[in-house]
Amino acid sequence: MTSIGTGYDLSVSTYSPDGRIFQVEYAQKAVDNSGTAIGLRVKDGVVLAVEKIKHSRLLVPESNRRIMTAAKHVGIVSAGWMSDTRHLVKRAREESRNYHDTYKRDVPAKILAERMGMYKQVYTLYSAVRPFGVGTIMASYDADGPQLYMVEPSGQYFGYHGCAAGKGKQVAKTEIEKLKLSEMTVREAIKEAARIIYSAHDETKDKLFELELSWVCEESGRKHQRVPKELIEEAIQYAERALDEDDDEMDDDEE
């Protein structure tokens, strides 16, 4: 019994005969067609990086940022629709503020990830709404140390040492798995994050892009902040050198 073209994708609250919810799968497609976003959890903090595709040369640099701050110790990077991202970041800020007002301490990353996952999952239950077309990567530094979570469009959330979302996620995951994250510092992770984003970038489809980097670590006072520009420039130079070396090796192999 086929589920294609039979109308099971008209409502988010309807299962197909083989147990699929097509609207959730469509939301995941929106994530997979977005610029690559990654998170790296290392021994002294967490680094977030994203490939922000520039659709026009007229766009102002560093505008429409894809990495945002949800609380002083929590940063969020997303792959997917920016309008949905802004709504979810606003919700994360409200959850963080409500938790602090109630318990008089910063919200733990696991609690915030759970609440955001529940909020996303609610939008998969009713036919009057649609799932969020956003994969959300959340970095934090709380009482338990560096934390990294990713919340899927379905509402599922998982804790990670390293994760990726977006069109280059398969390449990024392969590169992340090669890293010894538990032995790395955030400064090393910044360079590796830039290298991975440049490796995952597809020049044939999207020539213009901007690299965004942020961290939450001991060096930043356990607060989520943008990576200083001088470190970003060093990371970009490192990534470009690594890319050139890979190209040279491929040319040598062909010969």
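In the predicted model, the bridge partner of Ile67 in strand S4 is Val77. This pair belongs to an antiparallel arrangement in which strand S3 and strand S4, the latter covering residues 74–80, are joined over four bridges. The two strands are part of an open sheet of five strands, whose order is S3-S4-S5-S6-S7 and whose pairing is antiparallel. Strand S3 (67–71) and strand S7 (157–159) each have a single partner strand and stand at the edges, so that one side of each is left without a neighbour in the sheet. From one strand to the next, the twist averages 25 degrees.

Helix H3, formed by residues 109–122, lies across S4, strand S5 (134–142), strand S6 (145–151) and S7, and its direction is at about 160 degrees to that of S5.

Ile67 is also among the residues touched by Glu212 when residues up to four places away in sequence are not counted; the others are Leu48, Ala49, Val50, Lys52, Asn64, Arg65 and Arg66. Glu212 is placed in strand S9 and has a relative accessible area of 2%, a value that lies under the 20% limit for a buried residue. The side chain of Glu212 is joined to that of Lys52 by a polar contact of 3.3 Å.

Turning to the nonpolar interior, the largest core comprises 30 residues, and those with the most contacts inside it are Ile38, Val47, Ile190, Leu213 and Trp215. Two or more residues are contributed to this core by each of strand S1 (37–42), strand S2 (45–53), helix H4 (169–177), helix H5 (186–200), strand S9 (209–217) and helix H6 (229–254), with H5 providing the largest share, eight residues. In soluble globular proteins, nonpolar side chains tend to be buried together. The surroundings of Val47 can be described in detail: apart from neighbours within four places in sequence, Val47 is in contact with Ile38, Gly39, Leu40, Val186, Ala189, Ile190, Ala193, Leu213, Ser214 and Trp215. A second core, separate from the one described above, has 20 residues, including Met68, Ile76, Ala109 and Val134.

Towards the start of the chain, the UniProt record, an unreviewed entry, lists residues 8–30 under "domain: Proteasome alpha-type subunits". Over these residues the chain is 39% helix and 0% strand, and the C-alpha atoms at the two ends of the segment are 19 Å apart.

How values were computed
Residues are numbered from 1 along each chain as its sequence is written. This is a predicted model: local features need pLDDT of at least 70, side-chain atom pairs count only at pLDDT 80 or more; totals for chains, interfaces and linings use all residues. Side-chain values use heavy atoms; hydrogens and water are left out. UniProt positions are given in the numbering used here, feature names are shortened, and annotations may be inferred rather than shown by experiment. A nonpolar core is a set of buried Ala, Val, Leu, Ile, Met, Phe, Trp, Tyr and Cys residues joined through side-chain atoms within 4.5 Å. Buried means under 20% relative accessible area, exposed over 50%, partly exposed in between (1.4 Å probe, protein chains only). Contact means heavy atoms within 4.5 Å. Two strands pair if DSSP finds at least two bridges between them. Axes are lines fitted to C-alpha atoms, for helices over the stretch in contact, and angles run from 0 to 180 degrees between N-to-C directions. A polar contact is a pair of N or O atoms within 3.5 Å; within protein, one must be able to donate a hydrogen and the other to accept it, and residues adjacent in sequence count only if both atoms are side-chain atoms.
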